[in-house]
Amino acid sequence: MDTRPPAATLPAVAYHDAAWYAAERHAVFATEWQLAGFRTHLRRPGDFVTHDLAGWSVLVVVDGDGGLRAFHNVCRHRAGPLCTAAEGHAAALVCGYHGWVYGLDGRLQRARDFGTDLDPDDFGLAAVDVDEWRGFVFVRLAADGPSLADALGTLPARCADQPIEKLTYSHRLEHTVDANWKTYTDNYGEGYHVPLVHPGLHRQIDARDYCVAVHDGWAEHTAPARDGAIATGVWLWRYPNLGLNLSTEGMNVERWVPDGPRRTRIIYDFFFADVSPATDAARREVERFGVEVLDEDRRICEAVQRNLESGAYDVGRLSPRHEAGVLAFQQRVRRAVAGYESASAGSSSNASEFTQ
Ligand code: FES
Ligand SMILES: [Fe+2]
């Protein structure tokens, strides 16, 4: 039996308040390396992917030398979008508003009908840091911070035995949950809810022995898989919003991205070891099962979100036995937001409102 005292949750206001969300955009989403896409979509010069994170649109492109470059997906003329597809190929980056043309290095090549009135060197795209780990392409909006390798900490060592490079990209699914991104993360961070919320998953794993091991910025969820289960009972979470859901058939990479304080986009990218027709049924079952679990999580998260906004609840308590992952996540958000607020002291909001 765990004898640690229960810890307080974040206050309900953190889950819907505009000031909290504004602070989190900078303190969490601009500060942390964020998965923007996969190298499998970024092979030849001109291949690009786009990713929207907490209101910022970012594009990653392969430049003429084969290197990765990332930019804000924002034209320097009047903020038009350059790439609108999630992935694609382009010889140059052309704004969809008035047609300014940028090279794959982000340099402005042509400002339509401006003549010589404009120095192109003053209007290159705003660059963003980009780096790669085993085919996962990450970006970071903040100019300073740890390298991707340092930020990932010991997670790569944990994944050393995972045959990631042998898996083939299959497809993407996107869903929307009408809840704050932390409502979804809190839910992802514990298996306490499995017996009540996920009857199908509960038939595949033994939730009594569900374990969340918290590491430096990531956590490993394990639960004994029952005979014949497609769920291996291993899930890896990385702060703040990345999940690697491992199955016997492959891997489902999950990102959840805030779309305002009350809505979260869930992006699933499926990879499989075998994509031959012989495994069609097995792959369809992995997807069906993933969507079933997501639908169950969506319903509970949306109900929780409504209650968090109702005014009937303020602060709860976290189970020392089951919710260590939730606690680690919430403590990190609390520290990040308080640090951001004190660094921007002099602004109208007050750090104390984020640290209660
Ligand atoms: S906003 Fe891009 S060309 Fe005008
Ligand atoms: Fe769940």
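These legends walk through several views of one predicted model, from the whole chain down to single residues.

**View 1. The whole protein chain, end to end.**
Start with the big picture: the chain is built from nine helices and 19 strands. Its C-alpha atoms fill a box of roughly 75 × 60 × 35 Å along the principal axes. How does its radius of gyration fit with that of a compact globule? For 356 residues, such a globule would come out near 21 Å, and this chain has 22 Å, so the two agree. Buried residues make up 51% of the 356. Take the contacts between residues at least 6 apart in sequence: 59% of them join residues at least 24 apart.

**View 2. The outside of the chain.**
Now look at the surface, which adds up to about 16300 Å² of accessible area. Carbon and sulfur atoms account for 51% of that area. As for charges, the chain carries 36 positive and 49 negative ones, and the mean positions of the two sets are 2 Å apart.

**View 3. The nonpolar cores.**
The largest nonpolar core holds 59 residues. Which residues have the most contacts inside it? They are Leu53, Val60, Val139 and Tyr184. Helix H1 (residues 18-30) gives this core its largest share, seven residues. There's also a second core, separate from that one, with 23 residues, including Cys159, Ile164, Leu236 and Phe271.

**View 4. Zooming in on Val60.**
Here's one of those well-connected core residues, with its partners around it. Skipping anything up to four places away in sequence, Val60 touches Ala36, Leu42, Asp47, Phe48, Val49, Leu68, Arg69, Ala70, Val130, Val137 and Val139. Notice that Val139 is also on the list of residues with the most contacts inside the core.

**View 5. Val194 in helix H5.**
Val194 sits in helix H5 (residues 194-197). Is Val194 buried or exposed? Its relative accessibility is 2%, so Val194 counts as buried, since buried means under 20%. Leaving out neighbours within four places in sequence, Val194 is in contact with Pro199, Leu201, His202, Ile205, Ala207 and Tyr210. For a sense of scale, the C-alpha atoms of Val194 and Arg69 are 41 Å apart, with their positions 125 residues apart in the numbering.

**View 6. Ala92 in its loop.**
Find Ala92 in the loop that links strand E6 (87-89) to strand E7 (93-94). Beyond its neighbours within four places in sequence, Ala92 is in contact with Val101, Tyr102, Leu104 and Gln109. Asp259 is 167 residues away from Ala92 in sequence, and their C-alpha atoms are 29 Å apart.

**View 7. A cis peptide bond at Pro240.**
Check out the link between Tyr239 and Pro240: this peptide bond is cis, with omega at about -5 degrees. Where is Pro240? Look in the loop between strand E15 (231-238) and strand E16 (242-247).

**View 8. Positive phi at Ala79 and Asp113.**
Ala79 isn't a glycine, yet its phi is positive, near 70 degrees. You'll find Ala79 in the loop between strand E5 (68-72) and E6. With 53% relative accessibility, Ala79 counts as exposed, because the cut-off for exposed is over 50%. Asp113 has a positive phi too, about 65 degrees, and Asp113 is not a glycine either. Its loop runs between strand E9 (108-110) and strand E10 (127-133). Asp113 is exposed, with a relative accessible area of 73%.

Methods. Residues are numbered from 1 along each chain as its sequence is written. Chains are lettered from A and ligands numbered from 1 in the order in which they are written. This is a predicted model: local features need pLDDT of at least 70, side-chain atom pairs count only at pLDDT 80 or more; totals for chains, interfaces and linings use all residues. Side-chain values use heavy atoms; hydrogens and water are left out. Helices (H or I, at least four residues) and strands (E, at least two) are DSSP runs, numbered from the N terminus. The radius of gyration is taken over C-alpha atoms; the globule rule is 2.2 Å times the number of residues to the power 0.38. Buried means under 20% relative accessible area, exposed over 50%, partly exposed in between (1.4 Å probe, protein chains only). Contact means heavy atoms within 4.5 Å. Accessible areas come from the Shrake-Rupley method with a 1.4 Å probe; for residues, only the protein chains shown count as cover. Lys and Arg count as positive and Asp and Glu as negative; His and the chain ends are not counted. The place of a charge is taken as NZ of Lys, CZ of Arg, CG of Asp or CD of Glu. A nonpolar core is a set of buried Ala, Val, Leu, Ile, Met, Phe, Trp, Tyr and Cys residues joined through side-chain atoms within 4.5 Å.
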